[in-house]
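Let's take a walk through a protein model together, one piece at a time. Have a look at the sequence and the 3D view, and then we'll start with a place where two chains meet.

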Amino acid sequence: MFHIYCPYCEELREEEEFHPKGQAHIARPVDPEACSDEEWGDYLFFRDNPRGIHHELWVHAVGCRKFFNITRNTVSYEILETYRMGEQPRFTAGHPEGKPAEQVAAEAEAVSRQEGVKA
Amino acid sequence: MSQSLKQPNRLREGGRIDRSHTLHFTFNGKRYLGHAGDTLASALLANGVDIVNRSFKYSRPRGIVAAGPEEPNALVQLGSTEAAQVPNVRATQQALFDGLTAQSTNGWPNVQRDVMSLVGKLGGRFMPPGFYYKTFMAPASLWMTYEKYIRKGAGLGRSPMVPDPDVYDHLNQHCDVLVVGAGPAGLAAALTAARSGARVILCDEQEEMGGSLLDSRELLDNQPADQWVAQVLEELARLDNVTLLARTTANGYHDHHFVTLHERRTEHLGETAPVVDDYRPSRSRMHHVRAGQVLLATGAHERPLVYANNDVPGNLLAGAVSTYIRRYGVVPGNRLVLSTSNDHAYRAALDWFDAGREVVAIADARRAPDGDLVAQARERGIRIIEGAAVLEAKGSTRVSGVRVATIDAAAFKVTGQAETLACDTIASSGGYSPVIHLASHTGARPSWNDEILGFVPGLVKGVHAAGSARGIHDLAAGLADGVAMAARALETLGMTSRAIELPQIDTRREGAACGLYQVPHEKPTLRAPKQFVDPQNDVTAAGVELATREGFESIEHIKRYTAMGFGTDQGKLGNINGMAIAARCLNKSIPEVGTTVFRPNYTPVTFGAIVGRHCRERFDPERYTALHQWHVENGAEFEDVGQWKRPWYFPTIVNGKKETMHEAVARECRAVREKVGILDASTLGKIDIQGPDAREFLGRIYTNKWEKLAVGRARYGLMCKDDGMVTDDGVTTCLADNHFLMTTTTGGAAAILEWLELWHQTEWPELNVTFTSVTDHWATMTITGPEARKLLAEISDIDLDRERFKFMDWRAGKVAGVPARVFRISFTGELTYEINVQANYAMHVWKTLFTHGETYGLTPYGTETMHVLRAEKGFIIVGQDTDGSVTPEDLGMQWCVGYDKPYSWVGKRALSRSDTRRDGRKQLVGLRPKDPAVVLEEGAQIVLDPDHPVPVPMVGHVTSSYYSPTLDSGFALAVVKGGHQRMGETVYLPMADGKTHAAEIVSPIFVDPKGERQHV
Amino acid sequence: MSDPVATTAFDTRPDTSVPTESPLAWSYHETGCPGVSQKSRVVLRERAMLGHLILRGGAIALDEALREVLGLALPARPGGLNHDSEGVRSIQWLSPDEWLVIVPGGEAFALEQRLRNALGGAHYAIVDVSGGQTLIELEGEAARELLMKSTPYDVHPANFPVGKGVTTVFAKATAIVRRPTEDRWELVVRRSFADYCYRWLLDAGEEYGVGVEA
């Protein structure tokens, strides 16, 4: 039973209130019709299964009904962070101890300039 | 029934029992006396009961070994009545109450004379590990037969055959610090955390809190240890921020500091919870604790030594001997031999001596033991045999003596000549293993500590161990550790800890322990008398050695091969000894061999406690519509649709007989096709969609087009996942230019709302649109049939003219005086009005329809009739006629696909994948059985040639099948490979009973193929 | 879209008196109402037929409109629950762009219209859900422990002060749990789950002599 910090309700809630929705940051191709069958198949069916840091999409189903992302260690089950849609993770496979603050700020800046926030 | 009124092993004084309060109990049919404060085990020992069970595999007589949860033998079946049966209760953890009735779990027909002992004796040496696997494997078909008898013989306890009269419940708890174990370290930690203002839960599995302090010889502040315990508990009980849970076992440590605590609330009072003021309290309660920090003060379990015949009744753990004497006033024998590797166990000999019984000798494996306790034993004139150990116990149903000799533990050799001593009790101690089970549940690996000769818990963030649980066995140090670890936990929480003053304790010098696990024997292990490692599972040292010889090197494999640490034991008593033996055989160290993983639960939990109140009519929520009472009062039979209770059909009484479902459905179908029927359709999912981009959103999420749907109009829509497979359908209505009402399938309502939110929040946040569930707000009543208009006209102010209120229009107005939205949509193919009113007014509207309906033959119908009517029209039900592998094209619903919509809507791209384009996909068709009396089975497989040799290629299956009163024939919907090209072909359905049905592939629309009736 | 009020809002209340049934009507009929006695350490009371509106949109625009129309500030913080001075009208945070307004029965439609007028051209949505849920009050010294049996959410005063409300798990259903005053708790349950929640409360509350005030 995970204890999950909802970044919208801004508190820890029981796992019972959430639904997992699979790997995070799977953006739908902008022009599906331009995709080859293989590319489309990759988007539909292929997911990572890493040992260690993994980014997952969850929804606070019995709560605020908002989707958000979780960075979770698949070995220890530790949740390193949760972040809102459109935000980038601080903890990644390349930065298991967390990215430096400047880099996080720069990425956030880049996201804020995007038009329409994507998964 | 025989009765024993004497308690030969009970001391005249001492202990924490109340001698003025005598309790009666029955064990294996014989009556005994005990006292308040006893456990069943202490009372049995007081009464001199030696054999409490027969062993699992060899059927050897077994006695009580321990005083706590590590007890391997004294598993009993509790209960004087069938309803009160509880299997596998440890006698050491069951408080005695008046009238307690228990039986040995093992031993058939009884523990004294045992049928299985024959197998044990004959099998003896011939029952190595893997015996059952090897012997009873073939033929495989007989295993079930063997197993039944082996199980009965072995006896694993049994469940009650009648309902449990007790209730159980759950309580959700939250705290800053959960302290598990109320021994010295736990009490010190809890007091520290409590005084610092943290929300604290302190739990302990025993009848009383205090742990080892309840039978300690130490003085705290010059007072007996239990007085300090009482003071601390009194203070904790007074504090608002503290929850004390005695008789509460922390059974499972789950993710993120979620710990399940099993509180036995009334099990010390009687076999069922006593009723007070007409109220029966819950027998046990599961606390679901979400803790900020967890402090494990779970103490240590003593390890027995492994020597020959160490399972004969009268072999006990040294610490258990002390506990029985000091806590329960019971000396479990007359003449004691102690075999030890450490100073601490000397307490057993001292307590025994001080109780006025004979200590024959202490065999100390160390060369020159010299601690303070050793000195105290010498002062009492007790004989100490240095460098020696008990090699072998004598006796069969009770220890009658021992063979003791000097040994070389490191070389695993007996060095001296064995001496035989007469005695009736052997206490042994091979050291102390921290109780690491809960820490192990988190997945953290324990690590071996050479100083304490035991594993200490591996700890994940937020978990702390204190005192004996991490190998600090000294009392003063353990108390200080409790304070220190609590301070660390509080610091992590950002709280400031307030120091507590610890009691003064005389320091005592303790000599170093030596590592001794299996005691060597003159004979090699495989030929020596059995040396038990895990008595509960009858695992011997020879078994472990054999496993290593047969090539098992991983401790996890050895465990599975030998069954060591299986079952309720979970490795409490024998695991370390087993690992030590494996290490010796493999020439490795214990840490190299590793440890096995402990899993929840720490001790067994009854199903009742797990289920709590989620049982019987509260097992799962039942959802009702606003019209439920009418349905019940009008005799509806109900069908479960998800959690909803929906009327299935409404049987009436005809000539004094209740209609069958078949009769009722035929009548209901005819009413709809000929007059008018009414259905409670309130369970359909309804989602209110608003926003300037609502229409754009619908166009992206549905397969068909929405840009031109006018206000006042409704449209059927089909939804796919992005793999092109149909996932839901329903009618969506345009209420205003930026306001729509979507309906979903009954079962899909919650999932579809989440689906819409998923797309909106993760892919198209730029679309300005909101979704709100209004499923429960609106009640939906469907009136359908040729007379529907006339009926509605009587009670509605809406203009129902067929030209002004057309098929797929909706209008607002009043129905029975209540504001309503009325939709002209149809799931039956007949003239239909779906009346939506706010649910609180629904019953009035429904009843008014019936007051006016009699003239028109208004007939209520349920889901079964709904299914027949829609199937006659070839209308699909998503989830019945589809299964996640069906595209709109497979359903022949190209008319509902907007191929030229500008946005690549969800599912579109997948429809041009090679897999969705290939020939031979299963396609929806109708089936008309050649014999009209046949109603095909749903799920029946379809073949083209029934005479084809086995295996016959299967080309599809039946998805929906009913009898149609309109056609007076069975009919079905099915998916068949290439079905759309097979119209008119005959297919076959071989059934399990050997019959084969023939059917013709036809259009799935059986009634009114042009759809004229719904437009009238 | 010229006149949002005329085309979108829909008054579901009849202007003549017709019989109504709250979501617990069946429960009262089938399960009954255990009486309140001296021994009752918790008392249940349904506040039936209230007006429930869901507001969606941007916090700033909604806050302005709500202050103007109802004299109530929009709770900006997660879990916020504000009541008017009489304690009969409330607004609760449900999500960053979603709030629940509960007002006395009969006020909902007028309120909706006034809000729509006040909101003008802002992007928002208002949805009447009055028929879809009901409010159950819990009062008494055992109310909190009864909630502890029912919801995994931490209802300790340190975590659940007055003026808070959350959507969470309730037994095997869901509910909004609110704490309008020191001694009173409220549950907002969905109509179709109301009977299950009611039966759950009576069963779990038996230990506290639970009574129902009709």
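How much area is buried between chain C and chain B? Before the answer, keep in mind that this is a predicted model. The size of an interface is often given as the accessible area lost when the parts come together. Here, between chain C and chain B, that comes to about 5,200 Å², and carbon and sulfur atoms give 54% of it. Who pays for that on the chain C side? C:Phe10, C:Trp26 and C:Lys172 lose the most area to chain B, and together they make up 13% of what that side buries. In terms of residues, chain C brings 59 to the contact and chain B brings 60.

Now for the polar side of this meeting. Chain C and chain B have 8 salt bridges between them. You can find one of these by looking for B:Arg285 and C:Glu207, whose closest N and O atoms are 3.1 Å apart. There are also 26 residue pairs in polar contact between the two chains, counting pairs with both residues at pLDDT 80 or more. Several elements of chain C supply at least two residues each to the side that touches chain B, including α1 (4-8), α2 (25-30) and β2 (51-57). The element that gives the most is α6(C), with 9 residues. Sort that side of chain C by class and you get 25 nonpolar, 15 polar and 19 charged residues.

Next, turn the view to where chain C meets chain A. The area buried there is about 1,200 Å², with 51% given by carbon and sulfur atoms. Look for C:Pro152, C:Thr167 and C:Val169, because no other three residues give more: they supply 30% of the area that chain C buries against chain A. This contact takes 18 residues from chain C and 13 residues from chain A.

Charges turn up here too, with 4 salt bridges between chain C and chain A. In one salt bridge, the side chains of A:Glu10 and C:Arg77 meet at 2.5 Å, N to O. The polar contacts between these two chains number 7 residue pairs, both residues being at pLDDT 80 or more. On chain C, β4 (90-95) and β8 (164-170) each supply at least two residues of the side that touches chain A. The largest share comes from β8(C), with 5 residues. By class, that side of chain C divides into 8 nonpolar, 5 polar and 5 charged residues.

So what does chain A look like by itself? Chain A has 2 helices and 6 strands. Follow chain A from the N terminus and the elements run β-β-β-α-β-β-β-α. Its C-alpha atoms fill a box of roughly 40 × 35 × 30 Å along the principal axes. Of the 119 residues of chain A, 45% count as buried. If you take the contacts in chain A between residues at least 6 apart in sequence, 46% of them join residues at least 24 apart.

Chain A also reaches a spot on chain B that is worth zooming in on. B:Glu763 lies in the loop between α20 and β41 (770-773) of chain B. Is B:Glu763 buried or exposed? It counts as buried, because its relative accessibility is 7%. A polar atom of the B:Glu763 side chain lies 2.8 Å from the backbone nitrogen of A:Arg28.

Finally, let's go inside chain B. The largest nonpolar core has 65 residues, and B:Ile689 and B:Leu756 touch the most other members. Helix α20 (residues 749-762) of chain B gives the most to this core, with 6 residues. There is also a second, separate core of 56 residues, and B:Ile17, B:Val52, B:Leu338 and B:Val359 are among them. Back at B:Ile689, contacts beyond four places in sequence include B:Leu698, B:Phe740, B:Leu756 and B:Phe771.

One last stop is B:Ile783, found in strand β42 (residues 778-784) of chain B. B:Ile783 counts as buried because its relative accessibility is 0%. Setting aside residues up to four places away in sequence, B:Ile783 touches a group of residues including B:Val676, B:Leu791, B:Leu831 and B:Tyr833. For a sense of distance, compare B:Val886: it sits 103 residues from B:Ile783 along the chain, and their C-alpha atoms are separated by 31 Å.

Terms used: Residues are numbered from 1 along each chain as its sequence is written. Chains are lettered from A and ligands numbered from 1 in the order in which they are written. This is a predicted model: local features need pLDDT of at least 70, side-chain atom pairs count only at pLDDT 80 or more; totals for chains, interfaces and linings use all residues. Side-chain values use heavy atoms; hydrogens and water are left out. A nonpolar core is a set of buried Ala, Val, Leu, Ile, Met, Phe, Trp, Tyr and Cys residues joined through side-chain atoms within 4.5 Å. Buried means under 20% relative accessible area, exposed over 50%, partly exposed in between (1.4 Å probe, protein chains only). Helices (H or I, at least four residues) and strands (E, at least two) are DSSP runs, numbered from the N terminus. Contact means heavy atoms within 4.5 Å. Buried area is the accessible area (1.4 Å probe) that two parts lose on being put together, summed over both. A polar contact is a pair of N or O atoms within 3.5 Å; within protein, one must be able to donate a hydrogen and the other to accept it, and residues adjacent in sequence count only if both atoms are side-chain atoms. Ala, Val, Leu, Ile, Met, Phe, Trp, Tyr, Cys and Pro count as nonpolar, Asp, Glu, Lys and Arg as charged, and the others, Gly among them, as polar.
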